[in-house]
Amino acid sequence: MKKQLSYLSIFIICLLLLGCQSSTNQDKDETTGQKDINEKELNSNDSEGNHVTQKDIFDFRHIDKAPEATEKHPIKEVIKVFFDEWSIDVPYEAVAIDVQNNEIYINPIISGRGFRARGGIVEINGADQVHEILEKYDVQEWKTDYTFEDPGTYEDGYSWKLWLQFEDGTVEKHSGKGTDVKKLTPDNFREFAKDLGNFVEEKLKEME
């Protein structure tokens, strides 16, 4: 009888030991599985590619996503220039110059789809000469925004913007939207627009 009780006790102890070991292994597997899931989620988030990186903001395609400049930079630090005008009566016109890489973007546009150069890119000589135009018209003294009307009143009016990107990636922005063109632009605006447009035309002719 004592032997039977002894065997039974040993059998119960073995069952208990096996149960504990199984539970431990299960907990270990569950912990490992959770870790694997977290790593996959992290890798998935890192590989989405939906965020604009510091490197990306120096690509003209992402200039609209670059941070705005919070301090004044010297004109010589301008590496990209984007300028456009639009009105209901005049065809859209824009200028995009990559000063740093000596490139002019043909028929550029910034829209809801981002920046595009519909006519391609042309490499030129002396793109840094655009600094002289920016300095001549003292564009950094222009107001940030010349808009003075209720946004709902200028849907069929006029708009313009001038963006200057600097070596640190930040962008200085000037713009205006409304119906009264004279009040929406600086005093020397029309001369600036003409000189910048002529600069682009001359550079493109040099490359023909």
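This passage looks at the nonpolar cores of a predicted model and at the surroundings of Asn102. Local features need pLDDT of at least 70 and side-chain atom pairs count only at pLDDT 80 or more, while totals for chains, interfaces and linings use all residues. Residues are numbered from 1 along each chain as its sequence is written, and side-chain values use heavy atoms, with hydrogens and water left out.

The largest nonpolar core (a set of buried Ala, Val, Leu, Ile, Met, Phe, Trp, Tyr and Cys residues joined through side-chain atoms within 4.5 Å; buried means under 20% relative accessible area with a 1.4 Å probe, protein chains only) has 30 residues, and Phe83, Ile97, Leu162 and Phe192 touch the most other members. Two or more residues each come from strand E1 (78-87), E2, helix H2 (130-136), strand E7 (158-166) and helix H3 (189-206); helices (H or I, at least four residues) and strands (E, at least two) are DSSP runs numbered from the N terminus. H3 chips in the largest share, six residues. Apart from this core lies another, of 11 residues, including Ile63, Ala66, Tyr105 and Val171.

Over to Asn102, which sits in the loop between strand E2 (93-98) and strand E3 (103-105). Asn102 is partly exposed, at a relative accessible area of 27%, the in-between class from 20% to 50%. Neighbours within four places in sequence aside, Asn102 is in contact (heavy atoms within 4.5 Å) with Val122, Glu123, Ile124, Asn125, Gly126, Ala127 and Asp128. The Asn102 side chain reaches the backbone nitrogen of Gly126 at 3.5 Å. Lys80, 22 residues from Asn102 in sequence, is 9.8 Å away in space, C-alpha to C-alpha.

How values were computed. A polar contact is a pair of N or O atoms within 3.5 Å; within protein, one must be able to donate a hydrogen and the other to accept it, and residues adjacent in sequence count only if both atoms are side-chain atoms.
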